[in-house]
Amino acid sequence: MNQSTSRCGEQHSHTLEDLGWAEEHDAAFSKYTGPYVPGRVACRQKTVWDVLVDGGSITAGISGALRKLGRFPAVGDFVVLLDQPEAGTSTIVDILPRKTLFARGASGRESTDQVIAANIDTVFIVTAAGHDLNVRRIERFLAIAHSSGARPVIVINKSDLADDPASLADGIASVSPGIPVIPISAASGEGVDRLDPYLPPGTTVALIGSSGVGKSTLINRLMGCPVQETSHTRDYDEKGRHTTTVRQLFVLEGGALMIDNPGLREVGIGTAAAGIAGTFPDILELAEGCRFSDCRHEQEPGCVVQAAVRDGALSAARLENFHRLMRELEFERDKAEIGLVRLEKKRWKEIGKSARDIWKIKGK
Ligand SMILES: Nc1nc2c(ncn2[C@@H]2O[C@H](COP(=O)(O)OP(=O)(O)OP(=O)(O)O)[C@@H](O)[C@H]2O)c(=O)[nH]1
Ligand SMILES: [Mg+2]
């Protein structure tokens, strides 16, 4: 077993509780006796996983059974390891039930590339003063955060670049009712202490946002020393360079756990309606007054949402983004359904049943 090096390259040991282990994990793990060890996935390399365990870290592969089921552990997962140091092998044999699942678009199913991270309590949607400060993009990130089950917080970084840092949050607050909006400068440290209430020990926070907004710089600031590489943004378009390529969980100085993610280029909103409901509560509230219960808020008579746009109470751009994300949600759902039908057919085939057999069995 290696000592954990999750903080500043020093040797550190964390207990399972420090890593966010709770009573429900004890219950799920209780069926395992023998050479089994619980742990939390800190990082995934191509075919191996770095797992933090009580007092150290282990690099492990996964069992053939998990692989066959397509169940790949994600960063943040609590897992069961079969640790056999005498044989020089460590294998992840189970993934404990997930509290929240943070997935990129599609259906939130457990396929390898869909899951971003698991068991996240809070998502910091990181944006930066300047060109990245785009409310439509923030709405999209909010929808993903809401559908994951985690609590979103909007962090506006690089406040040192703004002429009037105090007014940075104003334009954002109107599209994020009830969501904290916190301007900071990760580079200078200004305002970073305002994140403290969202970082109690044992809480897991994921950073998401475009490349170059300063996610890794914030991690370095909160760790108290450089653990992540950062890179200059190109001046002419403020686009990042995708410096971070692997997602990784860190234990912060204050005891919270934080996951640094690569900059997200394309993010779908997933299939959970919670994403839309959490992001557009104002539109859904207005919609209750529409004449038709299935009103799509387009051309229908008696549409209160369209009336709010005409009156200037609701921004046309916000409604347009609502429509865009709704269309995406419906598309993703259709896609997920088709995927499930295919998966079901594959499973039936694996156990030697034909389409005719399925028809007969299902018909009964
Ligand atoms: N002016 C200013 N620059 C910052 C601040 N925070 C980060 N930067 C700079 O922004 C650039 C990108 O920062 P990173 O931390 O690498 O950004 P990232 O979001 O991790 O980017 P990816 O890893 O590509 O997703 C670096 O040059 C940082 O020094 C800040 O608060 N103010
Ligand atoms: Mg980075």
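Biologist: Happy to go through this one with you! How far is an oxygen atom of ligand 1 from an N or O atom in the side chain of Ser 216?

Modeller: Keep in mind that this is a predicted model. A polar contact needs a pair of N or O atoms within 3.5 Å. The side chain of Ser 216 offers such an atom to an oxygen of ligand 1, and the distance is 3.0 Å.

Biologist: How much of the area that ligand 1 exposes when taken alone does the protein bury?

Modeller: Taken alone, ligand 1 exposes 660 Å². Of that area, the protein buries 89%.

Biologist: Which backbones have a polar atom close to an oxygen atom of ligand 1, and at what distances?

Modeller: One of them is Val 213, where a backbone N or O atom lies 3.3 Å from an oxygen atom of ligand 1. Another is Gly 263, with a polar backbone atom and an oxygen atom of ligand 1 separated by 3.0 Å.

Biologist: Which residues come nearest to ligand 1?

Modeller: There are 23 residues around ligand 1. By class, this shell has five nonpolar, three charged and 15 polar residues. The residues that come nearest are Asp 160, Ser 211, Lys 215, Thr 217 and Thr 244.

Biologist: Which element gives the most to the shell around ligand 1?

Modeller: Ser 216 is a good place to start, as it sits in a helix that covers residues 215-223. That helix gives three residues to the shell around ligand 1, the most of any element, and its name is α5.

Biologist: Now the metal, please. Which residues coordinate the magnesium ion, ligand 2?

Modeller: The coordinating atoms are an OG and an OG1, at 2.0 to 2.1 Å. They belong to distant parts of the chain, 28 residues apart: one in helix α5, the other in the loop between α5 and β14. Both residues are buried. Their names are Ser 216 and Thr 244.

Biologist: On to the aromatic residues. How are the planes of Phe 29 and Tyr 32 arranged: stacked or edge-to-face?

Modeller: Five aromatic pairs are counted in the model. In the pair of Phe 29 and Tyr 32, the centres are 5.8 Å apart and the planes make 25 degrees. Because planes under 30 degrees apart count as stacked, the pair of Phe 29 and Tyr 32 is stacked.

Biologist: Are Phe 29 and Tyr 32 buried or exposed?

Modeller: The relative accessible area is 14% for Phe 29 and 18% for Tyr 32. Because the cut-off for burial is under 20%, Phe 29 and Tyr 32 are both buried.

Biologist: Which residues form one aromatic cluster?

Modeller: Phe 29 and Tyr 32 are among them, as is Tyr 36. With the other members added, the cluster is Trp 21, Phe 29, Tyr 32, Tyr 36 and Phe 78.

Biologist: Which backbone oxygen lies 2.6 Å from a polar atom of the side chain of Ser 148?

Modeller: Ser 148 belongs to helix α3, residues 135-148. Its relative accessible area is 9%, so Ser 148 is buried. The backbone oxygen at 2.6 Å from the Ser 148 side chain is that of Ala 145.

Biologist: One last residue, Arg 44. How far apart in space are Arg 44 and Ala 74?

Modeller: Arg 44 is in strand β3, residues 36-44, and is partly exposed at 26% relative accessible area. A polar atom of the Arg 44 side chain lies 3.4 Å from the backbone oxygen of Lys 46. Arg 44 and Ala 74 are 30 residues apart in sequence, and their C-alpha to C-alpha distance is 7.3 Å.

Key: Residues are numbered from 1 along each chain as its sequence is written. Chains are lettered from A and ligands numbered from 1 in the order in which they are written. This is a predicted model: local features need pLDDT of at least 70, side-chain atom pairs count only at pLDDT 80 or more; totals for chains, interfaces and linings use all residues. Side-chain values use heavy atoms; hydrogens and water are left out. Donors are N, O and S atoms within 2.8 Å of the metal (3.2 Å for Na, K and Ca); water is not among the atoms, so sites may look incomplete. Helices (H or I, at least four residues) and strands (E, at least two) are DSSP runs, numbered from the N terminus. Buried means under 20% relative accessible area, exposed over 50%, partly exposed in between (1.4 Å probe, protein chains only). A polar contact is a pair of N or O atoms within 3.5 Å; within protein, one must be able to donate a hydrogen and the other to accept it, and residues adjacent in sequence count only if both atoms are side-chain atoms. A residue is near a molecule or strand if one of its heavy atoms lies within 4 Å of it. Accessible areas come from the Shrake-Rupley method with a 1.4 Å probe; for residues, only the protein chains shown count as cover. Ala, Val, Leu, Ile, Met, Phe, Trp, Tyr, Cys and Pro count as nonpolar, Asp, Glu, Lys and Arg as charged, and the others, Gly among them, as polar. Rings of Phe, Tyr and Trp (its six-membered ring) pair if their centres lie within 6.5 Å; planes under 30 degrees apart count as stacked, over 60 as edge-to-face and the rest as tilted.
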